[in-house]
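The exercises below are to be worked with the sequence and the coordinates side by side. Each one sets a task and then goes through its solution step by step.

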Amino acid sequence: MNSPHFRVLTDLGNRVARLSALELEQLRAALLLVWGSPVDPAGQVEVIVARSDVELEEFTQGAPMEAFLDSSGRSPLMVMAGDGEYLLQRPESLQVQAHELAHHIGRFVMVRQPRWLSEGLATYLQTVRFTNLRRKATFGEFPPDYARYLRSHRRLPMKQLWTWDRRPYANSEDSLPYYATSWLWVVYLMDRQPERFRSFQERLSRAEEPRQAWEATFQDVPGLEEDLQKYEPKEEGRLTVELPPIAPELEVRELDCAEIHALRARLFLRSPGPRRVAERVRLANEEVKEALREDPTNVSAVQLRASFTPEPEKRLALARALVQARPESGAAWSLLGQSLQEAGAPAAEQVSALQRALELEPEDVDALVAMAWLHTEQGATAEGLTKAERAVRLAPGRASTLEAYAALLFQAGRCEESVTAQQRAIGVLGGHVTEALRPAAEATREAMRRKLAEYERHCVDGRKR
């Protein structure tokens with residue numbers, strides 16, 4: 001089911017898909033009104049609604065996840081279980097999707113966020129309630145678990161909340177004090193310091209370093225921590241927004257067997273849970289083989305097969321065959337352009353493929369990044385950075401895109417900006433990383449930190465000269 005901002009994939013039937021897409025559009029509109037920002041994120045979020053928690057556990061292997069959001073792929077992916085009902089019939093389902101959607105939208109509004117703010121805001125926004133006629137949405141109810149915890153435990157000091165960014169692998173029990181206190185800080189700041197809180201968020205929207213932005217905004221406020229320890233949020237302090245009429249065009253399409261196998265492959269690769277990387281790849285590869293047996297030209301399956309193929313020439317052969325079979329697929333041309341780039345093909349051939357990809361899919365982030373590198377290599381640095389900046393605007397929560405942007409800025413001699421972009425890339429690496437995936441995640445994080453240190457050293461040397 002396609003709507004303007006969502007692509008809902010489910011085995012719960014057309015009615016569920018239709019109602020879920022409509023309600024996600026309504027929720028998106030409500031969240032944007034609360035943010036009060038002119039930002040209107042482009043593109044679609046892919047939403048997979050499994051039939052039940054049991055069905056989802058095939059991929060998560062029992063990881064305690066009600067839902068998850070992954071921004072690392074071609075498009076943001078939100079996954080949750082429907083339990084036989086469309087999403088907003090159950091309050092708990094609404095909370096799950098509101099929380100994850102708030103994370104997605106928040107990346108467009110505030111391009112840098114400390115974890116305490118990101119989770120505190122998402123928790124505040126997950127309390128959304130709609131009126132029966134869907135004319136209004138109200139936010140601000142107390143999350144029961146967090147309210148109970150705070151009644152019997154001391155609130156964490158802000159100094160400790162800042163350390164949460166360095167603890168992405170804590171279990172749910174250890175994380176409870178952080179979630180509860182972060183929610184309370186957000187409620188407190190909205191109530192007691194609304195203008196300064198808005199100023200803080202505006203600084204983050206300009207990519208200021210979060211700790212420095214906090215100090216610049218709140219350093220002259222006396223007794224902030226002490227006031228929070230005594231603060232009791234008011235039940236009446238709720239926020240209500242009026243919704244415009246929402247009647248999006250919906251397009252229904254049945255998934256064929258090849259697409260279903262490709263979908264399962266992506267779930268094996270991108271779901272949280274204890275399954276190790278090698279096993280994920282093995283299971284995904286089996287699904288891709290099944291997909292290609294059903295349809296050798298399925299675009300999603302060929303893309304995945306190419307990602308499992310280490311040899312550049314073999315990837316290029318896969319991409320050429322796909323474009324020949326699916327000449328109207330922007331994703332196929334994008335894969336060809338990237339494969340030509342990796343194989344060192346003539347620049348003119350790369351340009352032709354990538355331009356065709358962007359004609360068919362102007363918001364293809366991978367094609368934009370590939371074109372940005374190509375422009376830069378040809379000496380058209382300004383044009384390359386324009387493409388990279390557009391890619392970052394389209395995918396502010398994708399670390400690989402931000403990292404490429406940082407590298408291009410560094411290559412262009414814009415040292416300070418490259419540091420900021422690399423810091424942003426590291427900042428969005430968090431998420432639902434379980435113990436089995438921790439070594440790979442840490443290796444990625446450490447490599448990015450080394451690159452950041454290189455940029456910072458160059459900036460210092462440049463200032464000395």
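The model is a predicted one, and the values used in the solutions are computed from it.

**Exercise 1.** Classify the ring pair of Trp 185 and Tyr 188, and determine whether each residue is buried or exposed.

*Solution.* Ring centres within 6.5 Å make a pair, and by this rule the count comes to 16 aromatic pairs. For Trp 185 and Tyr 188 the centres are 5.8 Å apart and the planes stand at 85 degrees, so the pair is edge-to-face, given that the class requires over 60 degrees. Along the sequence, the two residues are three apart in helix 7 (residues 172-192), which separates them by about one helical turn. Because an α-helix has 3.6 residues a turn, residues three or four places apart point the same way. With the cut-off for burial at under 20% relative accessible area, Trp 185 at 0% counts as buried, and Tyr 188 at 1% counts as buried as well.

**Exercise 2.** Carry out the classification for Trp 214 and Phe 218, and then find the cluster to which the rings belong.

*Solution.* The ring centres of Trp 214 and Phe 218 lie 4.2 Å apart with planes at 35 degrees, so this pair is tilted. The residues are four apart in helix 9 (residues 210-218), again about one helical turn, and both Trp 214 and Phe 218 are buried. Following the ring pairs further, one arrives at a cluster that links Trp 116, Trp 162, Trp 185, Tyr 188, Phe 200, Trp 214, Phe 218 and Tyr 231.

**Exercise 3.** Describe how helix 15 and helix 17 cross, and which residues meet there.

*Solution.* The axes of helix 15 (residues 330-342) and helix 17 (residues 365-377) come within 9 Å and cross at roughly 35 degrees, and the crossing is left-handed. On the side of helix 15, Ser 334, Gln 338 and Gln 341 take part, and they meet Asp 366, Ala 367, Ala 370, Trp 373 and Leu 374 of helix 17. Sorted by class, this contact has four nonpolar, three polar and one charged residues.

**Exercise 4.** How many residues of helix 13 are buried, and what covers them?

*Solution.* Helix 13 (residues 299-307) is mostly covered, since seven of its nine residues are buried. The buried residues are Val 299, Ser 300, Ala 301, Val 302, Gln 303, Leu 304 and Ala 306. Their cover includes helix 11 (257-270), helix 12 (277-294), helix 14 (312-325) and helix 15.

Technical notes:
Residues are numbered from 1 along each chain as its sequence is written. This is a predicted model: local features need pLDDT of at least 70, side-chain atom pairs count only at pLDDT 80 or more; totals for chains, interfaces and linings use all residues. Side-chain values use heavy atoms; hydrogens and water are left out. Rings of Phe, Tyr and Trp (its six-membered ring) pair if their centres lie within 6.5 Å; planes under 30 degrees apart count as stacked, over 60 as edge-to-face and the rest as tilted. Buried means under 20% relative accessible area, exposed over 50%, partly exposed in between (1.4 Å probe, protein chains only). Axes are lines fitted to C-alpha atoms, for helices over the stretch in contact, and angles run from 0 to 180 degrees between N-to-C directions. A crossing is left-handed if the near helix is turned anticlockwise from the far one by less than a right angle, and right-handed if clockwise. Contact means heavy atoms within 4.5 Å. Ala, Val, Leu, Ile, Met, Phe, Trp, Tyr, Cys and Pro count as nonpolar, Asp, Glu, Lys and Arg as charged, and the others, Gly among them, as polar.
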